[in-house]
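Please find below some notes for a first look at this model. They go through the domains, the sheet, the core, the ligand shells and a few single residues.

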Amino acid sequence: MIVLSGPSGVGKGTVCRALRRMMPELVYSVSATTRAPRAGEAEGVDYYYKTREQFQEMIERGALLEYAEYVGNLYGTPREPVERTIAEGKDIILEIDVKGALQVKRNYPEGVFIFLLPPSLDELRQRISGRGTETAAVIDTRMSEASREIGMITEYDYAVVNDEIEAACRRIQSIITAEHCRRDRIVKEYSGLMPFIHKA
Ligand SMILES: Nc1ncnc2c1ncn2[C@@H]1O[C@H](COP(=O)(O)OP(=O)(O)OP(=O)(O)O)[C@@H](O)[C@H]1O
Ligand SMILES: Nc1nc2c(ncn2[C@@H]2O[C@H](COP(=O)(O)O)[C@@H](O)[C@H]2O)c(=O)[nH]1
C-alpha cells in the first residue's frame, strides 16, 4: 500500500495521473467524498460523490478504511477495493490527507508513506489559484491547512518535491521499486521457497 499525501494544490492528482501512465500495474484507490464534483470530474473516476447521510452510513457499516473531515467536507477510502487489491498481491496508491494517512499508518504500518512537497509556499498558492476551482476564502483555508500538514512530514517515510511532474513521478517510481526489494519483504515472500532464508 502506497499512501501519498501533501497539501492541497501540490499536485498529488496530477502526479498520480502521470504515475499511472508510467506504472499501469499500479491500482488507484477512488475515495468517497461529500464535496461537490468539480467541472470535468466524474463519478467513480475522481471520487464517489456522497451526501453526508450516505457517507455517515458508510462509516457506520465499517465500509471505510479511514476517513477525515477536510475544510468542511468528508473524505474516506472505501475498504473493500483496498483489501481485495492487496490480497491479489497488487500495489495500490491512496491519495489522502494527513489525518487519514495517520489512521492508515496505525493499521497498516508496513505501508509506504510518501509526502509530496511544493518547491515553495508561493508556488503552492499559485498552483491552487491557477487551478481555478476554489474561492479565495477556501484557498486561504487550504493554505493554512498546508502549514499544519507540512508540519507532519516526519510521520512519513519519504518526501518528494514536486518541482517538475515527470521528475516527481520518477522519484516515486524509484521508491516503489526500492520498497519491493526491501530485505524484510523478500524474506517474507521467499523463505517458503528457500528454507535456508531465515525469518528474523
Ligand atoms: N510540477 C508541477 N508544476 C507546475 N504545475 C503543477 C505541477 N504539478 C501540478 N501542477 C498544477 O497544480 C495544480 C494543482 O494540481 P492538483 O490538482 O494535481 O493538486 P492536488 O494536490 O491533487 O490538489 P487537491 O489536494 O486540492 O486535490 C493543477 O493546476 C496542476 O496542473
Ligand atoms: N483522509 C482522506 N483524505 C482524502 C481522501 N481523498 C482525498 N483526500 C484529500 O482531501 C483533500 C482535498 O481534496 P480535494 O479533491 O477536495 O481537493 C486533499 O488533501 C486530498 O488528498 C480520502 O479518501 N481520505
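1. Domains. The domain assignment of the protein chain gives domain 1 (1-26 + 91-200) and domain 2 (30-89). The model is a predicted one, and every point below should be read with that in mind. Between the C-alpha centres of domain 1 and domain 2 there are 18 Å.

2. Domain contact. On one side 14 residues of domain 1 take part, and they are in contact with 13 residues of domain 2. Which elements give two or more residues to the side of domain 1 that touches domain 2? They are β7, α4 (98-107) and α6 (136-150). By class, this side of domain 1 has 6 nonpolar, 4 polar and 4 charged residues.

3. The sheet. An open sheet is formed by 5 strands, and reading across it gives the order β2-β7-β1-β8-β9, with parallel pairing. Strands β2 and β9 (158-161) each have a single partner strand and stand at the edges, so one side of each is left without a neighbour in the sheet.

4. Strand β7 and its partners. Strand β1 (residues 2-5) runs parallel to β7 and is joined to it by 3 bridges; in β7, Ile-93 is the bridge partner of Ile-2. Strand β2 (residues 27-28) also runs parallel to β7, with 2 bridges joining them. Here the bridge partner of Tyr-28 in β7 is Ile-93. A reader tracing the sheet can therefore use Ile-93 as a landmark, since Ile-2 and Tyr-28 both pair with it.5. Side chains of β7. In strand β7 (residues 92-95), Ile-92 and Leu-94 point one way, while Ile-93 and Glu-95 point the other way. Are these residues buried or exposed? All are buried.

6. The nonpolar core. The largest nonpolar core has 35 residues, and those that touch the most other members are Val-3, Leu-4, Leu-94, Ile-114 and Leu-116. Strand β8 (residues 112-117) supplies the largest share of this core, with 5 residues. The core draws on both domains, taking at least three residues from each of domain 1 (1-26 + 91-200) and domain 2 (30-89). As a general point, nonpolar side chains tend to be buried together in soluble globular proteins.

7. Leu-116. This residue is one of the core members named above. Leaving aside residues up to four places away in sequence, Leu-116 touches Leu-4, Gly-6, Val-10, Gly-11, Lys-12, Val-15, Val-160 and Asn-162.

8. Ligand 1. There are 14 residues around ligand 1, and those that come nearest are Ser-8, Gly-11, Gly-13, Thr-14 and Arg-127. Two or more residues of this shell come from each of α1 (12-22) and α5 (121-131). By class, the shell around ligand 1 has 2 nonpolar, 8 polar and 4 charged residues. Gly-11, listed among the nearest residues to ligand 1, is also touched by Leu-116.

9. Ligand 2. The closest of the 15 residues that surround ligand 2 are Ser-31, Ala-68, Tyr-75, Ile-96 and Gly-100. Elements β5, β6 and α4 give two or more residues to this shell. Its residues divide into 4 nonpolar, 5 polar and 6 charged. Where does ligand 2 lie with respect to domain 1 and domain 2? Both domains give residues to the shell, so ligand 2 lies between them.

10. Ile-96. This residue, one of the closest to ligand 2, sits in the loop between β7 and α4. Ile-96 counts as buried because 25 C-beta neighbours lie inside 10 Å, where 20 or more are needed. Apart from residues up to four places away in sequence, Ile-96 touches Val-3, Ser-5, Ser-31, Glu-66, Thr-77 and Ala-101. Ile-96 and Leu-116 are 20 residues apart in sequence, and their C-alpha atoms are 11 Å apart in space.

11. Val-71. This residue lies in the loop between β5 (64-70) and β6 (73-78). The backbone of Val-71 deserves a look: its phi is positive, about 45°, although Val-71 is not a glycine. Is Val-71 buried, exposed or partly exposed? Val-71 counts as partly exposed because it has 14 C-beta neighbours inside 10 Å.

12. Val-187. Helix α8 (residues 183-190) contains Val-187. Val-187 has 14 other C-beta atoms within 10 Å, so it is partly exposed. Its C-alpha atom is separated by 27 Å from that of Ala-101, and the two residues are 86 residues apart along the chain. Ala-101 is also one of the residues touched by Ile-96.

Note on methods
Residues numbered from 1 in each chain as written. Chains lettered and ligands numbered in written order. Predicted model: local features only at pLDDT ≥ 70, side-chain atom pairs only at ≥ 80, totals over all residues. Core = buried A, V, L, I, M, F, W, Y, C linked by C-beta atoms within 7 Å. Buried ≥ 20, exposed ≤ 12 C-beta atoms within 10 Å, placed from the backbone. Helix = DSSP H or I, 4+ residues; strand = E, 2+ residues; numbered from the N terminus. Domains from an automatic or database assignment. Contact = placed C-beta atoms within 7 Å. Near = placed C-beta within 6 Å. Nonpolar A, V, L, I, M, F, W, Y, C, P; charged D, E, K, R; others polar. Pairing = 2+ DSSP bridges.
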